[in-house]
Amino acid sequence: MPNLSLTDIGGGKSNGLMFRMAGSTSALLVDCGRTASEQDFRSGVLPFPDPGILGVISEANIYARIKPYLGRTGITAIRHYISHCHLDHSGSDRVLRYLARELGYETWSSLFTAEVMGTRDYYDVDELFEVHYYEGEVPSEFGEFRITPHQVCHSTACAFILEIETPMGVIISMMDFTFQRYDDKQVVYTERLLGGLGQKKPLAVIVESIYADRPGETLTPQETVVTEAYHGILAEAEARGRRVIATFFGSNVNRTSELLCLAHDMGQKRTRLLGAPRQYYEDAKAAGGLGLGALERKLNIDASLEEADFLIASGCQAEPGSVLDRAVNADRILSSSRGSYLALGEEDTVVMSAIPIPIPGQEDRVLNLVEKILEQGAEVVVPTEWRELYRHRVLQYPRLRFDRVHVSGHESWYGLKRTLEELVKPKYVIPYHGEQWQRERVAQKVVQELPGIGVLMLNEGATITL
Ligand SMILES: [Zn+2]
């Protein structure tokens with residue numbers, strides 16, 4: 001009788017996820033994140049905010065959580081897969097290194113993800129661990145499993161879902177994804193991919209739960225919406241002789257390259273990359289380029305701070321040490337020797353192309369940063385979704401504008417429902433990657449709206465046997 005179990009290890013709890021799929025003699029670990037849960041924030045144990053990282057939980061703590069699950073009678077081989085480079089999926093570098101080096105677990109990821117993990121925490125990737133690179137669509141055999149990575153659209157490069165053939169049937173680990181990012185063909189591609197998986201009559205799909213409460217009536221919009229908004233912002237800035245400072249998550253390296261191309265097309269070549277966007281851009285180049293061909297060499301990312309009229313920088317989450325944070329908090333700059341100091345003034349338009357991540361206190365931190373930028377005389381453009389945050393404040397800020405400067409990298413419930421109902425059609429859904437209440441919300445929606453599909457709850461720290 002085959003034996004298959006799923007365990008929520010949750011290194012860093014639900015938002016710093018990790019799970020184990022175990023057969024009789026072999027097991028897979030998927031992801032190893034380190035973003036803290038709401039509870040971790042409330043309990044005040046977090047050294048938030050740690051430079052550049054949103055809510056870091058100590059890795060000793062993560063390791064303590066993981067340890068009980070590592071050894072198990074009969075399991076003789078474990079292999080580790082990372083879906084993509086975001087911190088909540090791959091951020092626990094030291095734990096990964098321990099697993100790889102001390103226990104000899106192989107780690108598999110895309111080349112880009114490996115580059116990002118390698119530059120984080122100042123480790124050289126080869127020193128961190130030996131990474132085995134995914135080749136999209138190429139299956140690999142491991143113990144009782146056969147694993148095929150499939151590339152999907154998300155707000156960073158090289159995000160993968162995993163098709164895992166097990167003795168009990170196909171199980172799909174479907175982490176963060178959207179149907180489309182840059183063109184209509186991506187919807188067709190994603191539908192074909194998911195429909196193809198559906199033909200294998202999967203036993204279960206493990207889905208993310210974070211965005212279940214964003215119902216949506218359409219698929220998550222394309223990133224081209226953002227590029228168009230920036231076209232308007234850059235054109236207006238040029239006409240008025242203003243400088244534009246764009247901020248978003250640096251891992252959104254496709255957005256960085258789109259905006260660099262836009263600036264190039266507009267003949268506005270005095271561009272400068274700073275902070276995290278620059279680091280990720282360099283990681284992407286090291287991993288084989290940005291897919292821009294000859295254009296890549298023509299893009300300017302090194303205009304001097306004095307002459308640059310379009311900067312792409314870090315700080316959209318008010319991270320201490322980020323370019324925006326240092327620009328508004330001169331006191332921190334005095335004690336910091338890292339990077340360059342950017343002074344903001346009346347000639348500047350700062351664009352916040354992100355939504356505050358949903359952890360307690362984060363909205364206030366970001367809104368306070370915006371207030372400080374406005375106080376320094378700059379104009380600020382924020383996503384239209386922020387109107388809700390400003391419902392009591394907006395009239396006080398004449399220099400604050402709303403525009404479509406952000407789209408999510410996560411699929412709406414509309415898209416997730418369509419995935420489950422029409423394309424993948426699994427026997428069971430396993431809500432995962434989210435707080436316990438978010439997992440329950442997805443479970444409830446599946447029960448109410450998808451009567452043909454069962455729900456298996458993989459609660460925090462629990463094991464389910466399939
Ligand atoms: Zn992600």
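Two strands count as paired if DSSP finds at least two bridges between them. The exercises below apply to a predicted model.

**Exercise 1. Determine which strands pair with strand 12, and in what sense.**

Step 1. Strand 12 and strand 15 (residues 348-352) are joined by 5 bridges, and the sense is parallel. One position in this pairing is T247, which stands opposite M352 in strand 15.

Step 2. With strand 14, strand 12 forms 4 bridges, again in the parallel sense. Here I245 has L311 of strand 14 as its bridge partner.

Step 3. Both bridge counts satisfy the requirement of at least two bridges.

**Exercise 2. Decide whether the faces of strand 12 are covered or open.**

Step 1. In a regular strand, side chains alternate between the two faces of the sheet.

Step 2. On one side of strand 12 are R243, I245 and T247, and on the other are V244 and A246; all are buried, and both faces are covered. The count for the strand is 5 buried residues of 5.

Step 3. Take T247, which lies in strand 12 (residues 243-247). A residue is buried if 20 or more other C-beta atoms lie within 10 Å of its own. T247 has 28 such neighbours and therefore counts as buried.

Step 4. Leaving aside residues up to four places away in sequence, T247 touches A313, S314, G315, C316, L324, V351, M352 and S353. For G315 the separation from T247 is 68 residues in sequence, while the C-alpha atoms are 6.1 Å apart.

**Exercise 3. Check the length of helix 16 and find which face of helix 16 is buried.**

Step 1. Helix 16 (residues 436-449) has 14 residues, and at 1.5 Å a residue the expected span is 20 Å. The end C-alpha atoms are 20 Å apart, which agrees.

Step 2. The buried residues of helix 16 include Q438, R439, V442, K445 and V446. Seen down the axis of helix 16, the buried residues fall within an arc of 125°, so they line one face.

Step 3. An α-helix has 3.6 residues a turn, so residues three or four places apart point the same way.

Step 4. W437 and Q448 are exposed, on the face of helix 16 turned away from the buried side.

Step 5. The cover over the buried residues of helix 16 includes strand 11 (204-208), helix 15 (413-424), strand 18 (428-432) and strand 19 (454-455). Helix 16 lies across strands 11, 18 and 19, at about 155° to strand 18.

**Exercise 4. Place strands 9 and 10 in their sheet.**

Step 1. The sheet is open and has 7 strands in the order 7-8-9-10-11-18-19, with mixed pairing. Strand 7 (140-142) and strand 19 are the edges, each pairing on one side only.

Step 2. Strand 9 (residues 159-166) and strand 10 (residues 169-174) pair in the antiparallel sense over 5 bridges. Within this pairing, E163 has I172 in strand 10 as its bridge partner.

**Exercise 5. Locate two residues with positive phi and state whether they are buried or exposed.**

Step 1. Most residues other than glycine have a negative phi.

Step 2. C158 has a phi near 55° and is found in the loop between strand 8 (145-152) and strand 9. With 26 other C-beta atoms within 10 Å, C158 is buried.

Step 3. A318 also has a phi near 55°; A318 lies in the loop between strand 14 (310-313) and helix 12 (323-328). Its 24 C-beta neighbours inside 10 Å make A318 buried.

Definitions and conventions:
Residues are numbered from 1 along each chain as its sequence is written. This is a predicted model: local features need pLDDT of at least 70, side-chain atom pairs count only at pLDDT 80 or more; totals for chains, interfaces and linings use all residues. The expected span of a helix is 1.5 Å times one less than its number of residues. A residue is buried if 20 or more other C-beta atoms lie within 10 Å of its own, exposed if 12 or fewer, and partly exposed in between; C-beta atoms are placed from the backbone. The arc is that of the directions from the helix axis to the C-beta atoms. Two residues are in contact if their C-beta atoms, placed from the backbone, lie within 7 Å. Axes are lines fitted to C-alpha atoms, for helices over the stretch in contact, and angles run from 0 to 180 degrees between N-to-C directions.
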